[in-house]
Amino acid sequence: MSLPKAYDPQQGYKYQLLTKYNNEAYEHCDYAKDKKDKDYLLNEYKLAYGNEFSFKTILLPQKYWKE
């Protein structure tokens, strides 16, 4: 299975968070500006969504990192 692609990357973000319910396709969940923000959001989403959901992060191309 190939890695999921970024969906409509937003300017000013370094990471894109994707979520998947059981064996369905990955969907956009959120964006994060840095590693600290990414880790915080992943922990919060894991608590909120529960064990049936899995998460994956994509490092967006560097051209999107700056606002």
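Me: How much accessible surface does the chain have, and what share of that surface belongs to carbon and sulfur atoms?

Reply: An accessible area can be split by the kind of atom that contributes it. In this predicted model, the accessible surface of the chain comes to about 5000 Å², and 48% of that area belongs to carbon and sulfur atoms.

Me: What part of the 67 residues is buried?

Reply: A residue counts as buried when its relative accessible area is under 20%, and by that cut-off 30% of the 67 residues in the chain are buried.

Me: Which of these residues make up the largest nonpolar core?

Reply: Such a core is a set of buried nonpolar residues joined through side-chain atoms within 4.5 Å; here the largest has eight residues, namely Y15, L17, C29, A32, L41, L42, Y45 and F55. Two or more residues each come from β1 (15-21), β2 (27-32) and α1 (35-49), with α1 giving the most, three residues.

Me: Which residues does L41 touch, leaving aside those up to four places away in sequence?

Reply: With those neighbours left out, L41 touches L17, D30, Y31 and A32.

Me: In what order do the elements run from the N terminus?

Reply: The chain has one helix and three strands, and from the N terminus on the order is β-β-α-β.

Me: How does the radius of gyration relate to a compact globule?

Reply: The radius is compared with the value expected for the chain length: a compact globule of 67 residues would have a radius of gyration near 11 Å, and the chain, with 12 Å, agrees with that. Along the principal axes, the C-alpha atoms fill a box of roughly 35 × 25 × 15 Å.

Terms used
Residues are numbered from 1 along each chain as its sequence is written. This is a predicted model: local features need pLDDT of at least 70, side-chain atom pairs count only at pLDDT 80 or more; totals for chains, interfaces and linings use all residues. Side-chain values use heavy atoms; hydrogens and water are left out. Helices (H or I, at least four residues) and strands (E, at least two) are DSSP runs, numbered from the N terminus. The radius of gyration is taken over C-alpha atoms; the globule rule is 2.2 Å times the number of residues to the power 0.38. Buried means under 20% relative accessible area, exposed over 50%, partly exposed in between (1.4 Å probe, protein chains only). Accessible areas come from the Shrake-Rupley method with a 1.4 Å probe; for residues, only the protein chains shown count as cover. Contact means heavy atoms within 4.5 Å.
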